[in-house]
Amino acid sequence: MSQDLPRADELGLIGCHVCGLVCRDTGAEGAHCPRCHSALHRRKQASYSRTLALLLAAFMLYIPANVLPIMRTASVGDIDDNTILSGVIELWVKGSPDLAVIVFTASIVVPMLKFLALGLLLWSSRHATPWARRQRAKLYRLVELIGYWSMLDVFVVALLTALVRFGVLSLVEPLPGVVFFGLTVILTMFASMSFDPRLIWDGRESDD
Amino acid sequence: MADSQPLLICEHCDTVYRRRELCCGEIARCLRCDAILERHHRLGVGAMFALVVTAMLVFVQANVWPIVTLGLSGQMISTTLWGAIVMMWREHSQIVSMLAAATLFFFPLGKMLLLGWVLFFAQQGRRAPGFRLAMVALYRLGPWTMSEVFVLGALVAIVKARVYFEVILNPGIFAYAALTLLITVFASIDLRRLWELVPERSA
């Protein structure tokens, strides 16, 4: 039944991406929304290539983010460097398995899910496949919703760095891994913002 | 097809609908992609304004008071959000420091001030000066405020620190918890309807 519903494209209409106003598609270059003055586009501009570029950049930073330690704990000459994963394991062992699951989800599952989901969305909309459109639309909204929770570990390191300042007794320092991780999260957020979910529903003829 | 006909376009799949007034508690969903098209809003402009003012007061509290204090052999150290931001800057993680300052301080503050500005005038049935720019800025700020993530981060930091240190919770953490609740209420408000709630004066 949903196949019969008209799309803005077919009716010569454009919904303003910023304020939602329904505008007539004049086909003119550089048209602006009469209400909020934002540029009107049928689809987000260069959605496919932008998303792909941002996603690849994010993935390249994601490797050092996981391999390099994100935090150093030094106490009385004893130095302990933690990566994201070893931080999760430590939390599990030291008595908070439930919190370890939350951190594991935010820092490892969510970024991986974003890479896989956006990769899948890009590939499938490039091929204009009708396969599981509704599910793919939902997957995109899930990625949008949970994406920014990955910043969790970055904030944990920032707080511990500010709090654990006991000189030689105990000291926490941030290590480069946390910078790479923060940038990964930001880039994946930009990637999911530049993907246009309308592409999921577009046929082969309306690529880009 | 007349331009006056109220239409609605699903921003997720581009499907066009005729608009209908929603009853209390109703949510309109897209038949094609199941995204939420519109919700019925219980909150009027006045209530939204009151919420923003409350959020601002809580935000000030959350930033003024320390969040937690750690103790080790008689030595006590506490921090505020800005303490953490400054410390990250000094510890050669300037990028992280800027990310935190933007997503936890400047963007949330900007969002509240813009919304407060727009709603203050909307209450009097007027469009605020710079209404259009404020609305576009609010749209752009969209997902870049992360106070609720920070609260969970503080919780994780507390649990990690508890193994080695004495941990004392300070008012800041409770203010942050309250702020998270207020943000959840805001999350369900579609700011776009303000375009229609405060129509342009034919001046």
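**Architecture of the predicted two-chain model**

Chain A is built from seven helices and five strands. This is a predicted model, and reading chain A from the N terminus gives the order α-β-β-α-β-β-α-α-α-α-β-α. With a radius of gyration of 22 Å, chain A sits well over the 17 Å that the globule rule gives for 208 residues, so it is more spread out than a compact globule. The principal axes tell a matching story in plain dimensions: the C-alpha trace of chain A spans about 70 × 35 × 25 Å along them.

The domain assignment cuts chain A into domain 1, residues 1-42, and domain 2, residues 46-202. Taken over C-alpha atoms, the centres of domain 1 of chain A and domain 2 of chain A are 34 Å from one another. Of the 208 residues in chain A, 39% are buried. As for how the chain folds back on itself, take the contacts in chain A between residues at least 6 apart in sequence: 64% of them join residues at least 24 apart.

Chain B, for its part, has seven helices and seven strands. Its elements come in the order β-β-β-β-α-β-β-α-α-α-α-β-α-α, again from the N terminus on. The radius of gyration of chain B is 21 Å, and since the globule rule gives 17 Å for 203 residues, a value well exceeded here, chain B is more spread out than a compact globule. Along its principal axes the C-alpha trace of chain B covers about 75 × 40 × 35 Å.

Chain B is also assigned two domains, with domain 1 at residues 1-40 and domain 2 at residues 43-197. A distance of 31 Å lies between the C-alpha centres of domain 1 of chain B and domain 2 of chain B. Buried residues account for 32% of the 203 residues in chain B. Among contacts in chain B between residues at least 6 apart in sequence, the share that joins residues at least 24 apart is 60%.

Next come the annotated membrane spans. For chain A, an unreviewed UniProt entry lists "transmembrane region" at residues 52-71, 99-124, 145-168 and 174-195. Two of these can be set against the model. Residues 99-124 of chain A are 100% helix and 0% strand, with end C-alpha atoms 35 Å apart. Residues 52-71 of chain A come to 80% helix and 5% strand, and 30 Å separate the end C-alpha atoms.

For chain B, the UniProt record (unreviewed entry) puts "transmembrane region" at residues 43-60, 67-89, 95-120, 141-161 and 173-191. Residues 141-161 of chain B are 76% helix and 0% strand, and their end C-alpha atoms lie 33 Å apart. Residues 67-89 of chain B are a mixed case, at 39% helix and 43% strand, with 19 Å between the end C-alpha atoms.

The two chains meet through 55 residues from chain A and 50 residues from chain B. On the side of chain A that touches chain B, two or more residues each come from α1 (8-11), β1 (13-15), α4 (97-126), α5 (133-146), α6 (152-163), β5 (171-174) and α7 (176-194) of chain A. The largest share, ten residues, is given by α6(A). Sorted by class, the side of chain A that touches chain B holds 36 nonpolar, nine polar and ten charged residues.

The nonpolar core leads back to chain A. The largest nonpolar core has 102 residues, and the members that touch the most others are F155(A), A158(A), L159(A) and L160(A). For A158(A), the contacts beyond four places in sequence are with A84(B), M88(B), V96(B) and A100(B).

A last local detail concerns a tryptophan in chain B. W144(B) is found in the loop that links α4 (131-141) and α5 (147-162) of chain B. How buried or exposed is W144(B)? W144(B) counts as partly exposed, because 18 C-beta neighbours fall inside 10 Å. Once neighbours within four places in sequence are set aside, W144(B) is in contact with T103(B) and F107(B). Between W144(B) and P108(B), the C-alpha to C-alpha distance is 8.2 Å, with 36 residues of sequence separating them.

How values were computed:
Residues numbered from 1 in each chain as written. Chains lettered and ligands numbered in written order. Predicted model: local features only at pLDDT ≥ 70, side-chain atom pairs only at ≥ 80, totals over all residues. Core = buried A, V, L, I, M, F, W, Y, C linked by C-beta atoms within 7 Å. Buried ≥ 20, exposed ≤ 12 C-beta atoms within 10 Å, placed from the backbone. Contact = placed C-beta atoms within 7 Å. UniProt positions renumbered as here; feature names shortened; annotations may be inferred. Helix = DSSP H or I, 4+ residues; strand = E, 2+ residues; numbered from the N terminus. Domains from an automatic or database assignment. Rg over C-alpha atoms; globule rule 2.2 N^0.38 Å. Nonpolar A, V, L, I, M, F, W, Y, C, P; charged D, E, K, R; others polar.
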